[in-house]
Amino acid sequence: MDYLVSPKQLNQELGKVVLVEVREPEEYEESRIEGCKLIPLGEITSRALRELNPEDDIVLYCAHGVRSLHALMALRNLGFEKLRSLDGGICAWQEQGY
């Protein structure tokens, strides 16, 4: 399974996927993709099973795509399977004009 989703592909899937922001609250306040759920990376394992459905198609993102890959692996360890990370993070998203 390909773990990365391009900004263009994500834009086409908005509303059909659960979007999870794994940056810190202060980063979230500066910029975010509308409709996302904020769960900072440090809280992902403690909050995931309460706040996310393992059956959902989940796209994770951060600033550049590193923290979201860490979050993806943490969620896989909890049994989540339908996971992808935004390639290049919100920076790539904004660079492409979304």
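## A first look at this predicted protein chain

The protein chain carries 11 positive and 17 negative side chains, and the centres of those two sets sit 4 Å apart. Keep in mind as you look around that this is a predicted model. The chain is built from five helices and five strands, and along the sequence they follow the pattern β-α-β-α-β-α-β-α-β-α. The radius of gyration is 12 Å, close to the 13 Å that the globule rule gives for 98 residues, so the chain is as compact as a globular protein of that length.

**The chain as a whole**

- Along its principal axes, the C-alpha trace spans about 35 × 30 × 20 Å.
- Of the 98 residues in the chain, 43% are buried.
- Take the contacts with a separation of 6 or more: 66% of them are between residues 24 or more positions apart.
- The chain exposes about 5400 Å², with carbon and sulfur atoms supplying 46% of that area.

**Helix 3 and its two sides**

- Helix 3 runs over residues 44-51, and Ile44, Arg47 and Ala48 are buried there.
- Those three cover an arc of only 120° around the axis, which puts them on the same side of helix 3.
- Turn to the other side of helix 3 and you'll find Leu49 and Arg50, which are exposed.
- As for packing partners, the buried residues of helix 3 pack against strand 2 (18-21), strand 3 (37-38) and helix 4 (66-77).
- Arg47, a helix 3 residue, has a relative accessible area of 18%, and the cut-off for buried is under 20%, so Arg47 counts as buried.
- Leaving out neighbours within four places in sequence, Arg47 is in contact with Leu38, Ile39, Pro40 and Leu52.

**Two residues of strand 2**

- Leu19 belongs to strand 2 and is buried, at 4% relative accessibility.
- Setting aside neighbours within four places in sequence, Leu19 has contacts with Leu10, Leu14, Ile33, Glu34, Gly35, Cys36, Lys37, Val59 and Tyr61.
- From Leu19 to Asn53 is 34 residues in sequence and 12 Å in space, C-alpha to C-alpha.
- Val18 is in strand 2 as well, but at 24% relative accessibility this residue counts as partly exposed.
- Val18 is in contact with Leu52, Asp56, Asp57, Ile58 and Val59, again leaving aside neighbours within four places in sequence.
- Between the C-alpha atoms of Val18 and Leu41 there are 16 Å, and the two residues are 23 apart along the chain.

**Glu13 in helix 1**

- Glu13 lies in helix 1, which covers residues 7-13.
- With 16% relative accessibility, Glu13 counts as buried.
- Outside its neighbours within four places in sequence, Glu13 is in contact with Asp57 and Arg84.
- Although 46 residues separate Glu13 and Val59 along the chain, their C-alpha atoms are 9.9 Å apart.

**Two residues in loops**

- Ser31 is in the loop that joins helix 2 (25-30) to strand 3.
- Ser31 counts as buried, and its relative accessibility is 18%.
- Not counting residues up to four places away in sequence, Ser31 touches Glu21, Arg23, Ile90 and Gln94.
- Asp56 sits in the loop between helix 3 and strand 4 (58-61).
- At a relative accessible area of 29%, Asp56 is partly exposed.
- Asp56 is in contact with Val18 and Lys82, leaving aside neighbours within four places in sequence.
- Asp56 and Lys16 are 40 residues apart along the chain, and 9.4 Å separates their C-alpha atoms.

**Links to follow in the viewer**

- Start at Val18, which is in contact with Asp56 in the loop and with Val59.
- From Val59, you can step across to Leu19, since Val59 is among the contacts of Leu19.
- Asp57 is another place to stop: this residue is in contact with Val18 and also with Glu13.
- Leu52 is in contact with Arg47 of helix 3 and with Val18 of strand 2.

Definitions and conventions
Residues are numbered from 1 along each chain as its sequence is written. This is a predicted model: local features need pLDDT of at least 70, side-chain atom pairs count only at pLDDT 80 or more; totals for chains, interfaces and linings use all residues. Side-chain values use heavy atoms; hydrogens and water are left out. Helices (H or I, at least four residues) and strands (E, at least two) are DSSP runs, numbered from the N terminus. The radius of gyration is taken over C-alpha atoms; the globule rule is 2.2 Å times the number of residues to the power 0.38. Buried means under 20% relative accessible area, exposed over 50%, partly exposed in between (1.4 Å probe, protein chains only). Contact means heavy atoms within 4.5 Å. Accessible areas come from the Shrake-Rupley method with a 1.4 Å probe; for residues, only the protein chains shown count as cover. Lys and Arg count as positive and Asp and Glu as negative; His and the chain ends are not counted. The place of a charge is taken as NZ of Lys, CZ of Arg, CG of Asp or CD of Glu. The arc is that of the directions from the helix axis to the C-beta atoms.
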